[in-house]
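Please open the model in a viewer and set the side chains to be displayed as sticks. The tour proceeds by selection, with a short account of what is found at each stop.

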There are 2 protein chains.
Amino acid sequence: VDRRIEPAARYKIDLKTKPLGALGRVEELAVQLSVIQQSLMPQVDSKHLFVFAGDHGVVDEGVSAFPAKVTVQMVENFLAGGAAINVFCRQYGIGLNVVDMGVNTTFTSHPLLIDKKVAPGTANFTVQPAMTQEQALAAIENGARAFLEKQAVSPCQIVGMGEMGIGNTSSAAAIICAVSGLSSSQVVGRGTGVDDEGLKRKREVIDRALRLHRPSPDNGLELLTKLGGYELAGIAGAVIAAASKGCCVVLDGIISTAAGLIAYLICPAVQGYLVAGHRSVEQGQQAALKHMGLTAIIDLDFRLGEGTGAAITMNLVDLACRTMREMASFEEAGVDSGNI
Amino acid sequence: VDRRIEPAARYKIDLKTKPLGALGRVEELAVQLSVIQQSLMPQVDSKHLFVFAGDHGVVDEGVSAFPAKVTVQMVENFLAGGAAINVFCRQYGIGLNVVDMGVNTTFTSHPLLIDKKVAPGTANFTVQPAMTQEQALAAIENGARAFLEKQAVSPCQIVGMGEMGIGNTSSAAAIICAVSGLSSSQVVGRGTGVDDEGLKRKREVIDRALRLHRPSPDNGLELLTKLGGYELAGIAGAVIAAASKGCCVVLDGIISTAAGLIAYLICPAVQGYLVAGHRSVEQGQQAALKHMGLTAIIDLDFRLGEGTGAAITMNLVDLACRTMREMASFEEAGVDSGNI
């Protein structure tokens, strides 16, 4: 992003009728959106959220508290409007689509469903790469297309990146271990809720995968190929596409953040467009955010994914833009500015 | 509150299509609203927020970064729609009123303004009690009436408690010191932004007031009389009135929380109706919340007051109720519940 407008944006928010910096992170969002939109009157008229879905071969290793078929079932739940992300999107006026990047079934067509399937799930990355490089590239492209095709018919100024895929916290944690150099015990959490034994198993599985693949920590495509998931690849592609269109991108929990990290490694210029939606209970997310120089906006002890944390933060971005546009300055309101 | 419905509410949220507890604080809010409304289908149709305003004699001691006349100017700003809380209430569909509890001017009438003035500001509590006991009682009653009169014409299920009053972080901090037994250096912060010297002066002022008055730590009326402000008394009265009507009450920053603490000391039964809107940058707020057994829902590094943190949290309470009502259960959605 072109940051030349940033001082003017900061000056404008500083002259609003409030103590200096008193609106904390909302002020930071207001400045960031001014920079992204190259305007001191940033505006978010239209919001969209994608839930990218895919299955994971690594579930064979017993890394999840839920059976693999829950990916399909939850996609059906999204399409029926009954999941948390449906409720959240209705609450905040956010358009929602589900993108099938690699779910292990064939869905019948549905208005909310975008078919971008590359394969019916990844391979088990503890024994072979999760996908081929061709598949990884196709998945990135498909994710980008999902965003661009939607943007062509109904443009949005902000997009949230959600995901669904049983087993995908293992993929995300493996990627974050590889990039950050942290050990699996520092990064791997309970995901949807594995017990102590499950957590130990999950850490061993990731250690084994890292020993097998020895991925270079700064090669996004290689990380995706060896350890990724199709929904992570879809998000990475959509992030790059959205940033290229000047759209603010809101990440969600550890999986969405790991996918954002892949996008960042492939194309560091996306950084200025990224907002870290929420702080996940999963400890590895912090390491990924730190690597990108991002700080999570909210912390509500969420560990759901789907885009739920992103949805709440998208509303706060909207609030921040509105504050920038509508709030009076000391001069406009005839208020003494004090000794600040 | 009658907590007998709580296990059923918890059971209902646990059967929703998500890992156990994965929506963190939103789940806690859903359960709390079920208890308050005695219903497993809690609903927030109508939201209201009051900004209680008053002036403070203690500003003579140089405790604020802003001159006293800013209280009047900011009330005018609220009435003109230009302050942060106006923007926030528009964003979240929250009805707004400003209650003049004790501002040092005579306002002309305005549709948003409720006149409940007891006196044109408190006395300087470093040399005498901030108000008489009769004034404190009148202010509590006036605050209750402000809520009840509004509730009679347009009932709400949730109410936010905001405030405006140059000097009122000193009043709030003094009350919190007295109740918690913590020292002024542990409780007193920079308010709207005093510098190091101002902070030192503010702490000395509060130490002096505490030595002069020696208030008992559990007598809400005495604390209010000796150290309070009219807007704090108004909030205390409104909190008690709202809880008595089964309305959820959302507190805001350190001042709103200190006023909630006064209400809690006078009538501990309000506790179950209280939601701690946001975590303030002011360290003393934590002590007040802890005393009431509350945890702040959001932390956005705010230190503005006006009800801005409460407004955001009122929306999250709405979201929580909607999640309780609309989200599908594992059985309804045909999703396997896993080994949770």
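The stops below concern charged side chains and then cysteines.

The model is a predicted one. Across all chains, a search of the whole structure finds 36 salt bridges. Side chains of opposite charge can pair when their charged atoms come close.

**Stop 1: a pair in chain A**

Select Arg190(A) and Asp196(A). These two residues form a salt bridge, and their closest N and O atoms are 2.7 Å apart. Display the surface to compare the partners: Arg190(A) is partly exposed, with a relative accessible area of 38%, whereas Asp196(A) is exposed at 56%.

**Stop 2: Glu326(A) and its partners**

Next, select helix α13 of chain A, which covers residues 308-326. Which residue of this helix forms a salt bridge with Arg322(A)? The partner is Glu326(A), with 3.1 Å between the closest N and O atoms. Arg322(A) and Glu326(A) are four residues apart in the helix, so about one helical turn separates them. Glu326(A) is partly exposed, its relative accessible area being 27%.

Keep Glu326(A) in view and add Arg90(B) to the selection. Here too there is a salt bridge, the closest N and O atoms of Arg90(B) and Glu326(A) being 2.9 Å apart. Because Arg90(B) belongs to helix α4 (residues 84-92) of chain B and Glu326(A) to helix α13 of chain A, this pair joins two chains. Arg90(B) is partly exposed, with a relative accessible area of 38%.

**Stop 3: a network in chain A**

Now select Arg3(A), Glu6(A), Arg10(A) and Glu28(A) together. Salt bridges link these four residues in a network.

**Stop 4: cysteines of chain B**

How many disulfides does a search of the whole structure find over all chains? The search finds zero. To see one example, select Cys267(B) and Cys247(B): Cys267(B) is in no disulfide, and the nearest cysteine sulfur, that of Cys247(B), lies 15 Å away. Cys267(B) counts as partly exposed, at 26% relative accessibility.

Finally, select Cys321(B) and Cys248(B). Why is there no bond between Cys321(B) and the closest cysteine sulfur, in Cys248(B)? The two sulfur atoms are 8.0 Å apart, which is too far for a bond, given that a disulfide requires cysteine sulfur atoms within 2.5 Å. Cys321(B) is buried, with a relative accessible area of 0%, whereas Cys267(B) is partly exposed.

Definitions and conventions: Residues numbered from 1 in each chain as written. Chains lettered and ligands numbered in written order. Predicted model: local features only at pLDDT ≥ 70, side-chain atom pairs only at ≥ 80, totals over all residues. Heavy atoms only, no water. Salt bridge = Lys/Arg side-chain N within 4 Å of Asp/Glu carboxyl O. Buried < 20%, exposed > 50% of the residue type's maximum accessible area, 1.4 Å probe, protein only.
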